[in-house]
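Welcome! Have the sequence and the 3D view open while you work through these exercises, and try each task before reading its solution.

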Amino acid sequence: MNTIALQWIIVAGVVVFALLALGAWFFSQRKKQSERLQQRFGPEYDRTVGELGGRTKAESELKAREQRVEHLIITPLAPAEAARFSQAWNALQGRFVDNPKGVVVQADQLVRELMLKRGYPMGDFERRAADISVDHPAVVENYRSAQVIAARDERGEADTEELRKAVVHYRVLFDDMLEVQEAKQEVLPAKQMPVHA
């Protein structure tokens with residue numbers, strides 16, 4: 001009878017040890033995932049945790065964003081397209097003094113056009129911000145800040161300094177998203193050197 005009891009104690013000990021090891025592995029994987037998401041999303045991670053009220057919900061949301069954006073075809077711009085966008089931005093910025101309210105609207109439109117050209121879907125604002133946070137986490141807060149000021153402007157509550165800040169916020173996002181496709185260089189075969197006997 002003692003040998004059976006001893007065998008059960010050993011089996012129970014092995015099971016407990018296996019469960020502890022599995023728990024430690026699971027905890028380690030969760031920690032690595034949290035660190036990866038914090039590193040990838042930066043301040044957007046903290047904002048999402050605060051907005052959703054906890055790490056688990058926030059991390060689920062951030063992983064869902066990553067999966068959604070993985071299925072998008074996000075492409076850099078051809079050099080000619082990038083030049084066209086840059087010229088459009090410079091022209092827009094030059095009109096600020098004469099028409100600050102109009103320039104904020106135009107800046108928003110140009111950023112949306114750039115996002116669309118790159119391959120981002122044009123759903124509602126929160127969806128757009130979530131999508132760009134995957135590849136541009138450092139500047140998505142600029143987009144949110146610009147949108148807040150634009151909304152205040154629509155209600156007639158934004159002054160010229162706020163409108164200037166909105167344009168600056170849009171510009172930071174615009175510059176980060178203005179990714180240009182590298183020109184493909186042809187690799188020519190090397191000339192063969194004559195072999196001297």
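## Exercise 1: A salt bridge between two helices

In this predicted model, the side chains of Glu44 and Arg144 form a salt bridge, with N and O 2.8 Å apart.

**Task.** Which helices hold Glu44 and Arg144, and what does the pair tie together?

**Solution.**

Step 1. Find the two partners: Glu44 lies in helix 2 (residues 43–52), and Arg144 lies in helix 7.

Step 2. Look at the sequence distance. The pair ties together parts that are 100 residues apart in sequence, because its partners sit in these two helices.

Step 3. Check the cover. Buried means under 20% relative accessible area. Glu44 has 2%, so it is buried. Arg144 has 8%, so it is buried too.

## Exercise 2: Two more salt bridges

**Task.** Is Arg155 buried or exposed, and how far apart are the closest N and O atoms of its salt bridge with Glu157?

**Solution.**

Step 1. Take the distance: the closest N and O atoms of Glu157 and Arg155 are 3.1 Å apart.

Step 2. Use the cut-off for exposed residues, which is over 50% relative accessible area. Arg155 has 53%, so it is exposed. Glu157 has 40% and counts as partly exposed.

**Task.** About how many helical turns separate Arg171 and Asp175?

**Solution.**

Step 1. Confirm the contact: Arg171 and Asp175 form a salt bridge whose closest N and O atoms are 2.8 Å apart.

Step 2. Place both residues. They are four residues apart in helix 8, so about one helical turn separates them.

Step 3. Compare with the cut-offs. Arg171, at 26% relative accessibility, is partly exposed, and Asp175 is partly exposed at 41%.

Step 4. Now widen the view. A network of salt bridges with shared partners joins Glu44, Arg47, Glu51, Glu61, Arg65, Glu126 and Arg144. Over the whole structure, the search finds 20 salt bridges.

## Exercise 3: The nonpolar core

**Task.** Which residues of the largest nonpolar core touch the most other members?

**Solution.**

Step 1. Start from a general idea: in soluble globular proteins, nonpolar side chains tend to be buried together.

Step 2. Pick out the best-connected members. The largest nonpolar core has 32 residues, and Trp89, Ile132, Tyr143, Tyr170 and Phe174 touch the most other members.

Step 3. See which helices contribute. At least two residues of this core come from each of helix 4, helix 5 (100–118), helix 6 (125–135), helix 7 (140–154) and helix 8 (160–177).

Step 4. Look for another core. There is a second, separate one of eight residues, and Phe41, Tyr45, Val49 and Val134 are among them.

## Exercise 4: Aromatic rings

**Task.** Why does the ring pair of Trp89 and Phe174 count as stacked?

**Solution.**

Step 1. Recall the cut-off: planes under 30 degrees apart count as stacked.

Step 2. Apply it. The structure holds three aromatic pairs. For Trp89 and Phe174, the ring centres are 4.9 Å apart and the planes are at 25°, so this pair is stacked.

Step 3. Place the rings. Trp89 is in helix 4 and Phe174 in helix 8, so the pair ties together parts 85 residues apart in sequence. Both Trp89 and Phe174 are buried.

Step 4. Find the cluster: Phe125, Tyr143 and Tyr170 are linked by ring pairs.

## Exercise 5: Helix 6 and a neighbour

**Task.** How many of the eleven residues of helix 6 are buried?

**Solution.**

Step 1. List the buried residues of helix 6: Phe125, Arg128, Ala129, Ala130, Asp131, Ile132, Ser133 and Val134.

Step 2. Draw the conclusion. Eight of the eleven residues are buried, so helix 6 is largely enclosed by the rest of the structure.

Step 3. Turn to Gln147, which is in helix 7. At 16% relative accessibility, Gln147 is buried. Leaving out residues up to four places away in sequence, Gln147 touches Asp108, Arg112, Phe125, Arg128 and Tyr170.

## Exercise 6: A patch on the surface

**Task.** Which residues make the nonpolar surface patch of about 880 Å²?

**Solution.**

Step 1. Name the members: Ile4, Trp8, Val11, Val15, Leu19, Leu22, Trp25 and Phe26 make this patch.

Step 2. Zoom in on one of them. Val15 belongs to helix 1 (residues 2–41), and at 43% relative accessibility Val15 is partly exposed.

How values were computed: Residues are numbered from 1 along each chain as its sequence is written. This is a predicted model: local features need pLDDT of at least 70, side-chain atom pairs count only at pLDDT 80 or more; totals for chains, interfaces and linings use all residues. Side-chain values use heavy atoms; hydrogens and water are left out. Patches are made of residues with over 30% relative accessible area and no salt bridge: like charges are joined within 9 Å, nonpolar side chains (Val, Leu, Ile, Met, Phe, Trp, Tyr) within 5 Å. Accessible areas come from the Shrake-Rupley method with a 1.4 Å probe; for residues, only the protein chains shown count as cover. A salt bridge is a side-chain nitrogen of Lys or Arg within 4 Å of a carboxyl oxygen of Asp or Glu. Buried means under 20% relative accessible area, exposed over 50%, partly exposed in between (1.4 Å probe, protein chains only). A nonpolar core is a set of buried Ala, Val, Leu, Ile, Met, Phe, Trp, Tyr and Cys residues joined through side-chain atoms within 4.5 Å. Contact means heavy atoms within 4.5 Å. Rings of Phe, Tyr and Trp (its six-membered ring) pair if their centres lie within 6.5 Å; planes under 30 degrees apart count as stacked, over 60 as edge-to-face and the rest as tilted.
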